[in-house]
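Please look through the structure shown below and follow the explanation that comes after it, which moves from one part of the chain to another.

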Amino acid sequence: PVTIVNGEDDGPTMFLSAALHGDELNGIEVVREVANAYDPADIAGTLVCLPVVNVPGFISQQRYLPIYDRDLNRAFPGDRDGASARRIAATVFENFVKPCDLGVDFHTSTRGRTNMFHVRADMDDPDVARLARAFGSNLVIDGDGEPGMLRVEASKRGVPTITVEMGEAHRFERSLIDDALGGVRSVFAEYGLQGNRVRWPGWRTVVTEKTWIRADAGGIVDLHHDRGSLVHEGEQICTITDPFKADGTAVEAPFTGVLIGVLENPVVYPGNPICHLAELDAETARIVDRRQASR
């Protein structure tokens with residue numbers, strides 16, 4: 001399923017894609033609403049809207065391509081003579097990604113975890129960095145990404161692309177969908193597709209240092225903070241309790257940072273990830289602290 005919106009005026013061509021992982025649903029609603037919200041008379045350029053890229057995975061509600069269990073987001077730019085994942089990737093890439101000038105690829109966390117609203121991008125690439133900042137999220141995770149990722153392979157070939165992470169699999173989360181729609185409008189303004197107001201999120205940090213906090217004891221996790229929360233060094237993030245004992249094991253923050261993602265399924269074994277923590281500098285931490293306290 002693809003919707004093309006050809007604006008009446010000249011401008012850049014932008015793709016928006018979702019559900020490369022078939023169980024990641026929030027982005028589907030973002031792309032669907034964009035595809036239906038804009039009159040061509042109001043657009044300078046072209047929108048290429050792909051709400052469900054991994055159709056077999058979406059139909060079976062699986063993250064990967066069913067049967068072969070292949071990750072479509074490691075198959076780009078694809079190969080028309082290759083395995084099934086690479087053939088699908090090649091069709092999508094050649095027809096709908098390569099002709100574009102920029103792109104936004106929407107994702108959620110995997111099943112059992114949830115992510116705060118943030119962007120992932122290679123900030124060493126000036127064109128990608130411009131796009132990442134234009135989207136207007138508080139947090140940008142800077143990284144090259146892995147070979148075969150859509151954002152990586154598109155950016156290498158002159159189509160600057162970012163990944164937007166938002167929420168959890170298997171559900172629509174309206175507040176995050178609305179945040180993402182605001183990000184899309186901000187990108188439109190930055191690149192001249194529509195409007196002129198680029199969003200400033202109030203605070204922004206670009207991080208490269210991030211850590212998975214893992215369980216040292218098995219049991220049931222009682223989280224004391226939600227995704228997106230600021231935690232200070234030494235502050236207790238959660239308590240792991242054994243259902244057969246009264247006492248628990250405290251898990252503390254090793255540094256001051258923001259919780260990028262947290263688990264949804266509270267049952268853990270030793271070594272399981274509990275949360276994803278990104279370090280903040282002192283000034284950014286003070287700004288976040290003030291804003292969260294005023295809510």
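In this predicted model, A180 is buried, since its relative accessible area is 0%, and buried here means under 20%. The place of A180 is in helix α6, which runs over residues 174-191. A useful pair to find by eye is A180 and V262, which are separated by 82 residues in sequence and by 20 Å in space, counted from C-alpha to C-alpha.

Helix α6 also leads to one of the pockets, but the largest pocket may be taken up before that one. The largest pocket has a volume of about 580 Å³, and among the 29 residues that line it, those closest to its centre are R74, R120, E146, M149 and E165. Several elements each supply at least two residues of this lining, namely the strands β4 (102-107), β5 (113-121), β6 (139-142), β7 (161-167) and β9 (210-214), together with the helix α5 (150-156). The largest share, 3 residues, comes from β5. Sorted by class, the lining of the largest pocket has 13 charged, 11 polar and 5 nonpolar residues.

The second largest pocket holds about 340 Å³ of space. It is lined by 16 residues, of which M116, F117, N138, D179 and R295 are the closest to its centre. Two or more residues of this lining are given by each of β5, α6 and α7, the last of these being the helix at 282-293. The lining of the second largest pocket divides into 6 nonpolar, 6 polar and 4 charged residues.

F117, which is one of the residues closest to the centre of the second largest pocket, also belongs to an aromatic cluster that it forms with F106 and F135. In the structure as a whole there are 4 aromatic pairs. A ring takes part in another kind of arrangement at Y191, where R130 lies over the face of the ring, at 4.1 Å from the ring centre.

What about the backbone in the loop between α2 (55-60) and α3 (84-97), where P77 is found? A cis peptide bond joins F76 and P77, with omega at about 5°. Q61 lies in the loop between α2 and α3, and its phi is near 55°, a positive value in a residue other than glycine. D69 is likewise placed in the loop between α2 and α3, and although D69 is not a glycine, it has a positive phi of about 55°. These features deserve a second look because most residues other than glycine have a negative phi, and most peptide bonds are trans. As for accessibility, Q61 is partly exposed, because its relative accessible area of 30% falls between the limits of 20% for buried and 50% for exposed. D69 is exposed, because its relative accessible area is 52% and exposed means over 50%.

Is T256 buried or exposed? The residue is found in the loop between β13 (248-252) and β14 (257-263), and T256 is buried, because its relative accessible area is 18% and the limit for buried is under 20%. The side chain of T256 has a polar atom that lies 3.0 Å from the backbone nitrogen of E233.

Key
Residues are numbered from 1 along each chain as its sequence is written. This is a predicted model: local features need pLDDT of at least 70, side-chain atom pairs count only at pLDDT 80 or more; totals for chains, interfaces and linings use all residues. Side-chain values use heavy atoms; hydrogens and water are left out. Rings of Phe, Tyr and Trp (its six-membered ring) pair if their centres lie within 6.5 Å; planes under 30 degrees apart count as stacked, over 60 as edge-to-face and the rest as tilted. A charge sits over a ring if NZ of Lys or CZ of Arg is within 6 Å of the ring centre and within 35 degrees of the ring normal. On a 1 Å grid over the protein atoms alone, a cavity is a set of points where a 1.4 Å probe fits but cannot get out, and a pocket is an open set with protein on both sides within 12 Å along at least five of seven lines; lining residues have an atom within 4 Å of a point. Grid points are joined across faces, edges and corners, and a volume is the space filled by probe spheres set on the points. Helices (H or I, at least four residues) and strands (E, at least two) are DSSP runs, numbered from the N terminus. Ala, Val, Leu, Ile, Met, Phe, Trp, Tyr, Cys and Pro count as nonpolar, Asp, Glu, Lys and Arg as charged, and the others, Gly among them, as polar. Buried means under 20% relative accessible area, exposed over 50%, partly exposed in between (1.4 Å probe, protein chains only). A polar contact is a pair of N or O atoms within 3.5 Å; within protein, one must be able to donate a hydrogen and the other to accept it, and residues adjacent in sequence count only if both atoms are side-chain atoms.
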